[in-house]
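Student: Could we go through the rings and the empty space in this model together, starting with the aromatics?
Tutor: Gladly; here it is.
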Amino acid sequence: LTANLPAQVKRMLKDPKATALIDQFALQWLQLGRLQNAAPDSKLFPSFNEPLRLAMLEETRMFLGEIMREDRCLPEMLNADFTYLNEPLSRHYGIADTLGNKVGKKPAKAGGKPIKGPGFVRVSLEGTDRGGLLTQASVLTVTSNPTRTSPVKRRRWVLEQLLGTPPPPPPPNVPELDKDEGKRLTGSLRQRMEQHRQNPACANCHASMDPLGFAFENFDAIGAFREKDGEFAIDSSGVLPGGKMFKGPTELKAILLDKRELFIRCVAEKMLTYALGRGLEYYDKPTVDRVVTALEKDGGRFSTLVTEIAMSDPFRLRRAKE
(Lines give C-alpha, C1' and ligand atoms only; values in the text may rest on other atoms or scores of the structure.)
Protein backbone atom coordinates (compact mmCIF):
# COMPACT_ATOMS: atom_id res chain seq x y z
CA LEU A 1 0.00 0.00 0.00
CA THR A 2 2.85 2.42 0.75
CA ALA A 3 3.90 2.75 -2.90
CA ASN A 4 0.32 3.50 -3.96
CA LEU A 5 -0.71 5.56 -0.94
CA PRO A 6 -0.82 9.01 -2.62
CA ALA A 7 -3.12 7.74 -5.38
CA GLN A 8 -5.33 5.93 -2.88
CA VAL A 9 -5.62 9.04 -0.69
CA LYS A 10 -6.81 11.08 -3.66
CA ARG A 11 -9.32 8.36 -4.56
CA MET A 12 -10.67 8.18 -1.02
CA LEU A 13 -10.98 11.95 -0.68
CA LYS A 14 -13.32 12.00 -3.67
CA ASP A 15 -15.56 9.35 -2.11
CA PRO A 16 -18.80 10.62 -0.49
CA LYS A 17 -17.70 8.99 2.78
CA ALA A 18 -14.88 11.53 2.99
CA THR A 19 -17.39 14.14 4.15
CA ALA A 20 -16.81 12.63 7.60
CA LEU A 21 -13.45 14.44 7.54
CA ILE A 22 -15.29 17.74 7.20
CA ASP A 23 -17.84 16.94 9.90
CA GLN A 24 -15.39 15.48 12.40
CA PHE A 25 -12.26 17.53 11.78
CA ALA A 26 -12.95 20.79 10.00
CA LEU A 27 -15.98 21.88 12.00
CA GLN A 28 -14.14 21.01 15.21
CA TRP A 29 -11.05 22.94 14.05
CA LEU A 30 -13.18 25.98 13.22
CA GLN A 31 -15.13 25.65 16.49
CA LEU A 32 -18.43 25.60 14.63
CA GLY A 33 -20.02 23.17 17.06
CA ARG A 34 -20.82 26.30 19.06
CA LEU A 35 -23.23 27.38 16.33
CA GLN A 36 -25.73 24.81 17.61
CA ASN A 37 -26.01 26.71 20.90
CA ALA A 38 -25.66 30.24 19.53
CA ALA A 39 -28.52 32.42 20.76
CA PRO A 40 -28.50 35.87 19.13
CA ASP A 41 -30.91 38.30 20.77
CA SER A 42 -34.29 37.73 19.10
CA LYS A 43 -35.29 41.39 19.41
CA LEU A 44 -32.10 42.67 17.80
CA PHE A 45 -31.83 39.89 15.21
CA PRO A 46 -35.38 38.70 14.45
CA SER A 47 -34.31 37.09 11.16
CA PHE A 48 -32.21 34.47 12.98
CA ASN A 49 -34.09 31.18 13.12
CA GLU A 50 -33.42 27.46 12.96
CA PRO A 51 -33.46 27.16 9.14
CA LEU A 52 -30.94 30.01 8.92
CA ARG A 53 -28.74 28.41 11.60
CA LEU A 54 -28.69 25.13 9.67
CA ALA A 55 -28.01 26.94 6.39
CA MET A 56 -25.01 28.73 7.91
CA LEU A 57 -23.45 25.44 8.91
CA GLU A 58 -24.26 23.76 5.61
CA GLU A 59 -22.62 26.57 3.65
CA THR A 60 -19.32 25.95 5.43
CA ARG A 61 -19.64 22.15 5.08
CA MET A 62 -20.22 22.36 1.34
CA PHE A 63 -17.54 25.00 0.84
CA LEU A 64 -14.90 22.91 2.61
CA GLY A 65 -16.20 19.81 0.85
CA GLU A 66 -15.33 21.34 -2.51
CA ILE A 67 -11.88 22.36 -1.28
CA MET A 68 -11.30 18.72 -0.33
CA ARG A 69 -13.05 17.03 -3.25
CA GLU A 70 -11.44 19.21 -5.92
CA ASP A 71 -8.04 19.01 -4.18
CA ARG A 72 -7.72 22.77 -4.01
CA CYS A 73 -4.96 24.66 -2.22
CA LEU A 74 -5.41 25.31 1.49
CA PRO A 75 -5.01 29.13 1.21
CA GLU A 76 -8.19 29.17 -0.93
CA MET A 77 -10.04 28.65 2.33
CA LEU A 78 -9.19 32.29 3.05
CA ASN A 79 -10.00 33.97 -0.26
CA ALA A 80 -12.04 31.66 -2.49
CA ASP A 81 -14.46 33.54 -4.74
CA PHE A 82 -17.31 31.03 -4.45
CA THR A 83 -19.63 29.52 -1.87
CA TYR A 84 -22.86 27.54 -1.59
CA LEU A 85 -26.15 29.23 -0.69
CA ASN A 86 -29.84 28.43 -0.46
CA GLU A 87 -32.67 30.95 -0.53
CA PRO A 88 -32.75 31.79 3.21
CA LEU A 89 -28.99 32.33 3.38
CA SER A 90 -28.77 34.23 0.10
CA ARG A 91 -31.52 36.54 1.36
CA HIS A 92 -29.55 36.99 4.58
CA TYR A 93 -26.47 37.91 2.53
CA GLY A 94 -28.42 40.17 0.18
CA ILE A 95 -27.36 38.08 -2.83
CA ALA A 96 -29.90 37.71 -5.61
CA ASP A 97 -28.49 35.06 -7.93
CA THR A 98 -25.73 32.56 -8.68
CA LEU A 99 -23.42 35.28 -10.02
CA GLY A 100 -23.47 37.18 -6.75
CA ASN A 101 -25.52 40.16 -7.90
CA LYS A 102 -26.96 42.14 -5.01
CA VAL A 103 -30.63 42.23 -4.12
CA GLY A 104 -32.37 45.46 -5.14
CA LYS A 105 -29.59 46.65 -7.45
CA LYS A 106 -29.06 46.47 -11.18
CA PRO A 107 -27.19 43.23 -11.97
CA ALA A 108 -23.49 43.85 -12.52
CA LYS A 109 -23.19 40.48 -14.29
CA ALA A 110 -25.78 39.05 -16.65
CA GLY A 111 -26.89 35.43 -16.70
CA GLY A 112 -27.21 34.66 -13.00
CA LYS A 113 -29.95 32.27 -11.92
CA PRO A 114 -32.22 33.20 -9.00
CA ILE A 115 -31.58 31.22 -5.78
CA LYS A 116 -34.83 29.57 -4.79
CA GLY A 117 -35.85 27.07 -2.15
CA PRO A 118 -33.98 25.18 0.57
CA GLY A 119 -31.53 23.47 -1.79
CA PHE A 120 -27.96 24.77 -2.06
CA VAL A 121 -26.35 25.97 -5.28
CA ARG A 122 -22.84 27.12 -6.08
CA VAL A 123 -22.60 30.94 -6.12
CA SER A 124 -19.85 33.16 -7.47
CA LEU A 125 -18.65 35.81 -5.02
CA GLU A 126 -16.29 37.57 -7.39
CA GLY A 127 -16.49 41.32 -6.84
CA THR A 128 -18.59 41.01 -3.66
CA ASP A 129 -17.83 41.76 0.00
CA ARG A 130 -17.54 38.07 0.79
CA GLY A 131 -15.24 35.18 0.05
CA GLY A 132 -13.56 32.45 2.07
CA LEU A 133 -14.19 31.32 5.64
CA LEU A 134 -13.68 34.72 7.24
CA THR A 135 -16.89 36.20 5.86
CA GLN A 136 -19.17 33.18 6.26
CA ALA A 137 -22.09 33.68 8.62
CA SER A 138 -21.26 30.54 10.60
CA VAL A 139 -17.87 31.90 11.65
CA LEU A 140 -19.13 35.45 12.18
CA THR A 141 -21.97 34.23 14.41
CA VAL A 142 -19.90 31.99 16.70
CA THR A 143 -17.38 34.81 17.16
CA SER A 144 -20.01 37.30 18.30
CA ASN A 145 -21.95 38.04 21.48
CA PRO A 146 -25.74 37.59 21.63
CA THR A 147 -26.35 41.34 21.36
CA ARG A 148 -23.41 42.62 19.32
CA THR A 149 -20.28 41.77 17.41
CA SER A 150 -17.08 41.01 19.30
CA PRO A 151 -13.85 42.23 17.66
CA VAL A 152 -11.97 40.54 20.52
CA LYS A 153 -13.51 37.12 19.81
CA ARG A 154 -13.07 37.52 16.08
CA ARG A 155 -9.39 38.47 16.24
CA ARG A 156 -8.74 35.70 18.75
CA TRP A 157 -10.36 33.21 16.37
CA VAL A 158 -8.12 34.38 13.52
CA LEU A 159 -4.99 34.15 15.67
CA GLU A 160 -5.81 30.75 17.17
CA GLN A 161 -7.62 28.86 14.43
CA LEU A 162 -5.96 30.28 11.30
CA LEU A 163 -2.49 31.46 12.28
CA GLY A 164 -1.72 29.21 15.24
CA THR A 165 -0.52 32.20 17.29
CA PRO A 166 -2.94 32.45 20.26
CA PRO A 167 -2.93 35.73 22.18
CA PRO A 168 -1.86 35.84 25.82
CA PRO A 169 -4.63 35.46 28.42
CA PRO A 170 -6.18 38.71 29.68
CA PRO A 171 -4.86 40.15 32.96
CA PRO A 172 -6.84 39.15 36.06
CA ASN A 173 -9.63 41.36 37.41
CA VAL A 174 -10.03 43.37 34.20
CA PRO A 175 -13.75 44.15 33.61
CA GLU A 176 -15.42 43.26 30.34
CA LEU A 177 -16.30 46.02 27.91
CA ASP A 178 -19.95 46.07 28.96
CA LYS A 179 -19.05 46.05 32.67
CA ASP A 180 -16.38 48.75 33.01
CA GLU A 181 -16.84 49.96 36.55
CA GLY A 182 -17.24 53.67 37.18
CA LYS A 183 -17.37 54.52 33.49
CA ARG A 184 -20.06 55.13 30.95
CA LEU A 185 -18.70 54.09 27.58
CA THR A 186 -20.33 55.90 24.66
CA GLY A 187 -20.22 56.01 20.88
CA SER A 188 -19.76 53.20 18.37
CA LEU A 189 -18.42 49.82 19.46
CA ARG A 190 -15.00 50.80 18.17
CA GLN A 191 -15.08 54.06 20.15
CA ARG A 192 -16.22 52.25 23.31
CA MET A 193 -13.37 49.78 22.96
CA GLU A 194 -10.90 52.65 22.56
CA GLN A 195 -12.22 54.08 25.83
CA HIS A 196 -11.90 50.63 27.42
CA ARG A 197 -8.26 50.50 26.33
CA GLN A 198 -7.46 53.52 28.49
CA ASN A 199 -7.06 50.97 31.28
CA PRO A 200 -3.25 50.44 31.26
CA ALA A 201 -3.71 46.73 31.91
CA CYS A 202 -5.69 46.43 28.66
CA ALA A 203 -3.91 48.87 26.39
CA ASN A 204 -0.96 46.91 24.98
CA CYS A 205 -2.75 43.72 23.98
CA HIS A 206 -5.88 45.43 22.67
CA ALA A 207 -3.97 48.03 20.65
CA SER A 208 -1.90 45.41 18.87
CA MET A 209 -4.61 42.80 18.25
CA ASP A 210 -8.01 44.52 18.04
CA PRO A 211 -7.47 45.72 14.43
CA LEU A 212 -7.87 42.09 13.30
CA GLY A 213 -11.38 42.08 14.76
CA PHE A 214 -12.37 45.53 13.52
CA ALA A 215 -11.79 44.35 9.95
CA PHE A 216 -15.08 42.43 10.16
CA GLU A 217 -17.24 45.15 11.73
CA ASN A 218 -19.19 45.50 8.47
CA PHE A 219 -20.74 42.14 9.38
CA ASP A 220 -23.15 42.13 12.29
CA ALA A 221 -23.48 39.50 15.03
CA ILE A 222 -25.17 37.03 12.65
CA GLY A 223 -23.04 37.80 9.62
CA ALA A 224 -25.33 40.17 7.71
CA PHE A 225 -23.59 43.04 5.92
CA ARG A 226 -24.13 46.54 7.32
CA GLU A 227 -22.69 49.99 6.79
CA LYS A 228 -23.64 51.40 10.20
CA ASP A 229 -23.49 50.27 13.81
CA GLY A 230 -26.71 51.86 14.99
CA GLU A 231 -26.30 55.54 14.10
CA PHE A 232 -22.52 55.32 13.71
CA ALA A 233 -20.69 54.68 10.44
CA ILE A 234 -18.55 51.54 10.43
CA ASP A 235 -14.77 52.00 10.46
CA SER A 236 -13.22 48.68 9.37
CA SER A 237 -9.69 50.00 8.89
CA GLY A 238 -6.70 49.16 11.02
CA VAL A 239 -2.94 48.97 11.36
CA LEU A 240 -1.26 45.68 12.27
CA PRO A 241 1.77 45.50 14.59
CA GLY A 242 4.14 45.32 11.59
CA GLY A 243 2.77 48.62 10.31
CA LYS A 244 0.63 47.25 7.47
CA MET A 245 -2.60 49.17 6.98
CA PHE A 246 -5.86 47.70 5.71
CA LYS A 247 -9.50 48.55 5.29
CA GLY A 248 -12.02 45.78 5.60
CA PRO A 249 -11.79 42.00 5.26
CA THR A 250 -10.70 41.96 1.61
CA GLU A 251 -7.48 43.86 2.32
CA LEU A 252 -6.91 41.94 5.54
CA LYS A 253 -7.22 38.63 3.67
CA ALA A 254 -4.51 39.79 1.28
CA ILE A 255 -2.24 40.42 4.28
CA LEU A 256 -3.07 37.01 5.75
CA LEU A 257 -2.21 35.37 2.43
CA ASP A 258 1.25 36.91 2.75
CA LYS A 259 1.47 34.84 5.94
CA ARG A 260 0.45 31.67 4.14
CA GLU A 261 3.18 29.61 5.83
CA LEU A 262 1.68 30.40 9.23
CA PHE A 263 -1.76 29.36 7.98
CA ILE A 264 -0.50 26.17 6.34
CA ARG A 265 1.47 25.23 9.45
CA CYS A 266 -1.57 25.87 11.63
CA VAL A 267 -3.79 23.62 9.49
CA ALA A 268 -1.10 20.94 9.43
CA GLU A 269 -0.83 21.00 13.23
CA LYS A 270 -4.61 20.87 13.66
CA MET A 271 -4.95 17.97 11.20
CA LEU A 272 -2.06 16.02 12.74
CA THR A 273 -3.59 16.49 16.20
CA TYR A 274 -6.87 15.12 14.89
CA ALA A 275 -5.19 12.20 13.12
CA LEU A 276 -3.17 11.16 16.16
CA GLY A 277 -5.97 11.66 18.65
CA ARG A 278 -3.66 13.53 21.03
CA GLY A 279 -1.99 16.87 21.50
CA LEU A 280 1.29 17.51 19.72
CA GLU A 281 4.57 17.25 21.61
CA TYR A 282 8.00 18.78 21.00
CA TYR A 283 9.12 15.60 19.23
CA ASP A 284 6.33 16.00 16.65
CA LYS A 285 7.88 19.21 15.30
CA PRO A 286 10.05 17.44 12.64
CA THR A 287 6.91 15.76 11.30
CA VAL A 288 5.06 19.07 11.11
CA ASP A 289 8.09 20.62 9.37
CA ARG A 290 8.11 17.85 6.75
CA VAL A 291 4.38 18.21 6.12
CA VAL A 292 4.70 22.00 5.73
CA THR A 293 7.68 21.64 3.37
CA ALA A 294 5.74 19.22 1.16
CA LEU A 295 2.74 21.56 1.14
CA GLU A 296 4.87 24.55 0.18
CA LYS A 297 6.31 22.61 -2.77
CA ASP A 298 2.93 21.87 -4.36
CA GLY A 299 1.05 25.03 -3.40
CA GLY A 300 -0.71 23.53 -0.40
CA ARG A 301 -2.93 20.87 -1.95
CA PHE A 302 -5.43 19.30 0.44
CA SER A 303 -4.50 15.76 -0.66
CA THR A 304 -0.84 16.46 0.12
CA LEU A 305 -1.77 17.41 3.68
CA VAL A 306 -3.60 14.11 4.21
CA THR A 307 -1.00 12.01 2.36
CA GLU A 308 1.97 13.40 4.27
CA ILE A 309 0.25 12.82 7.61
CA ALA A 310 -0.81 9.30 6.62
CA MET A 311 2.81 8.48 5.71
CA SER A 312 4.35 10.06 8.80
CA ASP A 313 5.95 8.04 11.60
CA PRO A 314 3.69 9.40 14.38
CA PHE A 315 0.64 8.27 12.41
CA ARG A 316 1.98 4.87 11.32
CA LEU A 317 3.93 3.87 14.41
CA ARG A 318 2.71 3.52 17.95
CA ARG A 319 5.05 4.19 20.84
CA ALA A 320 5.83 1.16 22.96
CA LYS A 321 4.30 1.08 26.42
CA GLU A 322 6.79 1.87 29.14
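Tutor: A definition comes before the aromatics: rings of Phe, Tyr and Trp, the last by its six-membered ring, pair if their centres lie within 6.5 Å. Please keep in mind that this is a predicted model.

Student: OK, which residues do ring pairs link into a cluster?
Tutor: Phe25, Trp29 and Tyr274 are linked into a cluster by ring pairs.

Student: And how many aromatic pairs does a search of the whole structure find?
Tutor: The search of the whole structure finds six aromatic pairs. One of them is formed by phenylalanine 25 and tryptophan 29, with 5.8 Å centre to centre and 15° between the planes, and this pair is stacked.

Student: Where do phenylalanine 25 and tryptophan 29 lie?
Tutor: Both lie in helix α2, four residues apart, which is about one turn of the helix. Phenylalanine 25 counts as buried because its relative accessibility is 4%, and tryptophan 29 is likewise buried, with a relative accessible area of 4%.

Student: What about phenylalanine 219 and phenylalanine 225, what sort of pair do they form?
Tutor: Phenylalanine 219 and phenylalanine 225 form an edge-to-face pair, with 5.7 Å centre to centre and 75° between the planes. Phenylalanine 219 is buried at a relative accessible area of 0%, whereas phenylalanine 225, at 34%, is partly exposed.

Student: Switching to helices: which residues of α1 are buried?
Tutor: In helix α1, which covers residues 5–13, the buried residues are Leu5, Val9 and Leu13. They sit on the same side of α1, because the arc they cover around the axis is only 70°.

Student: And what do the buried residues of α1 pack against?
Tutor: They pack against α2 (19–29), α3 (50–69) and α13 (302–310).

Student: Does α1 come up with the pockets too, say, which element gives the most to the lining of the second largest pocket?
Tutor: That is α1, with five residues in the lining. The second largest pocket has a volume of about 480 Å³, and of the 19 residues that line this pocket, the closest to its centre are Val9, Met12, Val306, Ala310 and Phe315. The elements that give two or more residues to this lining are α1, α11 (260–276), α13 and α14 (313–316).

Student: How do the residues of that pocket lining divide?
Tutor: The lining of the second largest pocket divides into 14 nonpolar, two polar and three charged residues.

Student: Now the closed spaces: how many cavities of 30 Å³ or more are there?
Tutor: A search of the whole structure finds two of them. The largest cavity holds about 50 Å³ of space, and its lining consists of Leu134, Val139, Leu140, Thr143, Arg154, Trp157, Val158 and Phe216. Two or more residues of this lining come from each of α6 (137–142) and α7 (151–162), and α7 gives the most, with three residues.

Student: What about the second largest cavity, which residues line it?
Tutor: The second largest cavity, with a volume of about 40 Å³, is lined by Glu59, Thr83, Tyr93, Leu125, Arg130, Gly131, Gly132, Thr135 and Gln136.

Student: And how do the two cavity linings divide by residue type?
Tutor: The lining of the largest cavity divides into six nonpolar, one polar and one charged residue, while the lining of the second largest cavity has two nonpolar, five polar and two charged residues.

Technical notes. Residues are numbered from 1 along each chain as its sequence is written. This is a predicted model: local features need pLDDT of at least 70, side-chain atom pairs count only at pLDDT 80 or more; totals for chains, interfaces and linings use all residues. Side-chain values use heavy atoms; hydrogens and water are left out. On a 1 Å grid over the protein atoms alone, a cavity is a set of points where a 1.4 Å probe fits but cannot get out, and a pocket is an open set with protein on both sides within 12 Å along at least five of seven lines; lining residues have an atom within 4 Å of a point. Grid points are joined across faces, edges and corners, and a volume is the space filled by probe spheres set on the points. Ala, Val, Leu, Ile, Met, Phe, Trp, Tyr, Cys and Pro count as nonpolar, Asp, Glu, Lys and Arg as charged, and the others, Gly among them, as polar. Buried means under 20% relative accessible area, exposed over 50%, partly exposed in between (1.4 Å probe, protein chains only). The arc is that of the directions from the helix axis to the C-beta atoms. Contact means heavy atoms within 4.5 Å. Rings of Phe, Tyr and Trp (its six-membered ring) pair if their centres lie within 6.5 Å; planes under 30 degrees apart count as stacked, over 60 as edge-to-face and the rest as tilted.
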